[in-house]
Amino acid sequence: MGGIRIRMKVDGMEGLATVLENLPEAVMPLAAQGMDQGLQEIQAVAKALVPVDTEELKGSIRTKVNQTGDSVEGVVIATAEHAVFVEVGTGPVGAASPHPAAYPGYYSTGEYIFTRVTKDGKSVRFVTDGWVYPLEKGGFRFTRGQKPRPYMYPAYQQKKDAAIQLIAAAIREGLT
C-alpha cells in the first residue's frame, strides 16, 4: 500500500513520568484529545498545500490517534497510492530532492537501453536513465520522473509547535 505518514511522539519525559504516576488516569485521554486537535491543524495545512488533480490525494489525508496505557501516538497519513511519489518525487528528477523523507528505493538507479527503428528502417540503440510507460489513450510517454511537490513535511514544519501546545493546553485545561 502506498502512502506517507508523519508520526509525532513526545520524548524526554522520564523525570515527569514519576510525577505523573500520581495524577488521575484522565491525563492520557486529555493528551489524546490535544493530539487529535494538533494533528487536525497539520492535516488542514497539508490539504491546503497538496497539489490537486482529481481530489483523490487530498481526500486521502486523514488523522489517527491511538491511546494505549500510558502512551499516546498520532499520525497524519495520506493513503492514496501515489501520495509518497508526489511528496518526494520519482526517478532521477526526484532523486535530486533535498526532502528529508526521500527514499532511494523510489528512484531509478539504473540505465535503460531502448531500441528505436528510424523511418528508413535502421535500428538505433540508446541508453537513458528514464523510462517509458503506456498511455491510457494509446501511445507511450518517456519520463525521467517527477519533481517532488511536498505537502506533508511543510505542513508538519508549520504546525508542529502549535500541535505540541494544543496537547499541553488540553492536559492543563482538563486538570484544572
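A salt bridge here is a side-chain nitrogen of Lys or Arg within 4 Å of a carboxyl oxygen of Asp or Glu. With that in hand, here are the close-up views, all taken from a predicted model.

**Figure 1. Lys159 and Glu41 form a salt bridge.** The closest N and O atoms of Lys159 and Glu41 are 3.3 Å apart, which means that the pair falls within the 4 Å limit. This contact links distant parts of the chain, with Lys159 in helix H6 (residues 152-175) and Glu41 in helix H2, 118 residues apart. Side chains of opposite charge can pair when their charged atoms come close. A search of the whole structure finds 1 salt bridge. Are the two partners buried or exposed? Both sit in between: Lys159 counts as partly exposed because its relative accessibility is 24%, and Glu41 is also partly exposed, at 31%.

**Figure 2. The whole fold, for orientation, holds 6 helices and 7 strands.** Reading from the N terminus, you will meet the elements in the order β-α-α-α-β-β-α-α-β-β-β-β-α. The protein has 176 residues, and 30% of them count as buried.

**Figure 3. Helix H2 covers residues 27-49.** How far apart should the ends of this helix be, at 1.5 Å a residue? Its 23 residues should span 33 Å, and the end C-alpha atoms are indeed 33 Å apart, so the expected and modelled spans agree. To find the buried side of the story, look for Val27, Leu30, Ala31, Ala32, Gly34 and Met35, followed by Gly38, Leu39, Ile42, Gln43, Val45 and Ala46; these are the buried residues of H2. Glu41, the salt-bridge partner seen in Figure 1, is partly exposed, with a relative accessible area of 31%.

**Figure 4. Glu55 and Glu56 stand side by side in the numbering, one in a loop and one in a helix.** Glu55 is placed in the loop between H2 and H3. Its phi angle is near 75 degrees, a positive value in a residue other than glycine. Glu55 counts as partly exposed because its relative accessibility is 47%. Glu56 belongs to helix H3, and it too counts as partly exposed, at 47% relative accessibility. Where does the chain bring Ala78 relative to Glu56? The two are 22 residues apart in sequence, and their C-alpha atoms are 9.8 Å apart in space.

**Figure 5. The second largest pocket has a volume of about 300 Å³.** Its lining is made of 14 residues. If you want to find the middle of this pocket, start from Asp53, His82, Val86, Gln146 and Arg149, the lining residues that lie nearest its centre. Which helices supply at least two residues each to the lining? They are H3 (56-59) and H4 (83-88). H3 gives the most, with 3 residues.

**Figure 6. Thr90 and His99 are two loop residues, placed between H4 and H5 and between H5 and S4.** Thr90 is found in the loop that joins H4 to helix H5 (91-95). With a relative accessible area of 14%, Thr90 is under the 20% cut-off and therefore buried. Thr90 and Lys147 are 57 residues apart in sequence, yet the distance in space is 6.7 Å, C-alpha to C-alpha. Moving on, His99 is found in the loop between H5 and strand S4 (112-117). His99 counts as buried because its relative accessibility is 8%. For His99 and Pro148, 49 residues apart along the chain, the C-alpha atoms are separated by 8.0 Å.

**Figure 7. Val132, Phe140 and Phe142 form a nonpolar patch on the surface.** Together these residues have about 310 Å² of accessible area. Phe140 lies in strand S7, which covers residues 140-143. Is Phe140 buried or exposed? At 63% relative accessibility, Phe140 is over the 50% cut-off and so counts as exposed.

How values were computed. Residues are numbered from 1 along each chain as its sequence is written. This is a predicted model: local features need pLDDT of at least 70, side-chain atom pairs count only at pLDDT 80 or more; totals for chains, interfaces and linings use all residues. Side-chain values use heavy atoms; hydrogens and water are left out. Patches are made of residues with over 30% relative accessible area and no salt bridge: like charges are joined within 9 Å, nonpolar side chains (Val, Leu, Ile, Met, Phe, Trp, Tyr) within 5 Å. Accessible areas come from the Shrake-Rupley method with a 1.4 Å probe; for residues, only the protein chains shown count as cover. Helices (H or I, at least four residues) and strands (E, at least two) are DSSP runs, numbered from the N terminus. Buried means under 20% relative accessible area, exposed over 50%, partly exposed in between (1.4 Å probe, protein chains only). The expected span of a helix is 1.5 Å times one less than its number of residues. On a 1 Å grid over the protein atoms alone, a cavity is a set of points where a 1.4 Å probe fits but cannot get out, and a pocket is an open set with protein on both sides within 12 Å along at least five of seven lines; lining residues have an atom within 4 Å of a point. Grid points are joined across faces, edges and corners, and a volume is the space filled by probe spheres set on the points.
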